[in-house]
Every structure is written in C-alpha cells, then in structure tokens.
Amino acid sequence: PVLAELLGRSTATFRTRTGTLIHAGYFTRQFYGVKGVEQFQIIQETLKHCVLKVVVNRLWTEASRRSLVQCIQKALGSDVVVTVKFVDSIPLPASGKREYTISKV
C-alpha cells in the first residue's frame, strides 16, 4: 500500500531575511502565560513585516505588547516591522482548526 495523501493541520514555517527557518511553535510558545490574551494570530506578510492580531481582555498591558513584539523581532530580525492589530475575534477557517501562525513568504 502507498499513502496517497496526508490530510491534517500543517504549521507555518517563518523565514528570516538570511534564510533561517523558524518553526511556528516558537511563536506560539511566546504566548504561554501572557495574561490578557484571549486569542492571537501571527501573520508573516513579507520578510520585513509581520502582523500580530490579538483579542485581549482587561489584563492586557503595554508591557505585554512590547514583550511579544520583541520576541518576534528576536526571531525574525530586529528590523522587522510588527504591526499589532487589536480585533474582536479571529475567525476560524473552513477547516474549523485555529490557525495561530500563517506565513505568506
């Protein structure tokens, strides 16, 4: 027997400008224990720009925002622009499985 197709969740791999690959798990781990975050999604739009979408609650702080941006920049490059977008919700895709990380690179 030969496996024709494997279906299931795939995780994004982010790429730096130097070609280094960063597994999406690095980014999701940065949110462990961060108070104030209900939902999040990190989207690598280009090698120089990421969008961090967050649904926050009353425990969210500016220090949390700075820390998360710094973690993203530490992995992808200090010159990467991280745009933080506060949203009311992050819709599920048709699969029904939450996408925490998306790389368009």
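## Ala12 and its surroundings

Apart from neighbours within four places in sequence, Ala12 is in contact with Ile22, His23, Ala24, Thr101, Ile102 and Ser103. The model is a predicted one. Ala12 is located in the segment before strand 1. Its relative accessibility is 14%, and because buried means under 20%, Ala12 counts as buried.

Two C-alpha distances place Ala12 further. Tyr100 is 88 residues away from Ala12 in sequence, yet their C-alpha atoms are 8.9 Å apart. Between Ala12 and Ile42, which are 30 residues apart along the chain, the C-alpha separation is 10.0 Å.

## Overall layout

The protein has 2 helices and 6 strands. Read from the N terminus, these elements follow the order β-β-α-β-β-α-β-β. The chain holds 105 residues, and 33% of them count as buried.

Among contacts in the protein with a separation of 6 or more, 64% are between residues 24 or more positions apart.

## Strand pairing

Strand 3 and strand 4 run antiparallel and are joined by 8 bridges. The two strands form a hairpin, with 2 residues between them. Opposite pairs across this hairpin include Gln39 of strand 3 with Val55 of strand 4, and Ile43 with Val51 of strand 4.

Strand 3 also pairs with strand 6; these two run parallel and share 3 bridges. Here Ile42 has Thr101 of strand 6 as its bridge partner. Thr101 is also one of the residues in contact with Ala12.

Strand 4 in turn pairs with strand 5 in the parallel sense, over 6 bridges. In this pairing Leu52 stands opposite Val84 of strand 5. Strand 4, helix 2 and strand 5 together make a right-handed β-α-β unit.

## Helix 2

Helix 2 has 15 residues, which at 1.5 Å a residue should span 21 Å; the C-alpha atoms at its ends are 21 Å apart, so the expected and modelled values agree. Just after the helix, Gly77 has a positive phi of about 130 degrees.

The buried residues of helix 2 are Ser64, Leu68, Val69, Cys71, Ile72, Ala75 and Leu76. They lie on the same side of helix 2, because the arc they cover around the axis is only 155 degrees. An α-helix has 3.6 residues a turn, so residues three or four places apart point the same way. On the other side of helix 2, Gln70 and Lys74 are exposed. The cover over the buried residues of helix 2 includes strand 1, strand 2, helix 1, strand 3, strand 4 and strand 5.

## The nonpolar core

The largest nonpolar core has 20 residues, of which Phe14, Phe27, Phe31, Ile42, Leu52, Ile72 and Leu76 touch the most other members. Strand 3, strand 4, helix 2 and strand 5 are the elements that give two or more residues to this core. Helix 2 supplies the largest share, with 5 residues. In soluble globular proteins, nonpolar side chains tend to be buried together.

Phe27 illustrates the contacts made by a core member. Not counting residues up to four places away in sequence, Phe27 touches Phe14, Ile22, Ile42, Ile72, Ala75, Leu76 and Thr101. Of these partners, Ile72, Ala75 and Leu76 are among the buried residues of helix 2, while Ile42 and Thr101 are bridge partners of each other.

## Thr28 and Tyr100

Thr28 is in helix 1, which covers residues 24-29. With a relative accessible area of 18%, Thr28 is under the 20% limit and is therefore buried. Leaving out neighbours within four places in sequence, its contacts are with Phe40, Tyr100 and Thr101.

Tyr100 lies in the loop between strand 5 (81-86) and strand 6 (101-103). Its relative accessibility is 34%, so Tyr100 counts as partly exposed. Thr101, in strand 6, is in contact with Thr28 and is also touched by Phe27.

Definitions and conventions. Residues are numbered from 1 along each chain as its sequence is written. This is a predicted model: local features need pLDDT of at least 70, side-chain atom pairs count only at pLDDT 80 or more; totals for chains, interfaces and linings use all residues. Side-chain values use heavy atoms; hydrogens and water are left out. Helices (H or I, at least four residues) and strands (E, at least two) are DSSP runs, numbered from the N terminus. Buried means under 20% relative accessible area, exposed over 50%, partly exposed in between (1.4 Å probe, protein chains only). Contact means heavy atoms within 4.5 Å. A nonpolar core is a set of buried Ala, Val, Leu, Ile, Met, Phe, Trp, Tyr and Cys residues joined through side-chain atoms within 4.5 Å. The expected span of a helix is 1.5 Å times one less than its number of residues. The arc is that of the directions from the helix axis to the C-beta atoms. Two strands pair if DSSP finds at least two bridges between them. A crossover is right-handed if, with the strands pointing away from the viewer, the path from the first strand over the helix to the second runs clockwise.
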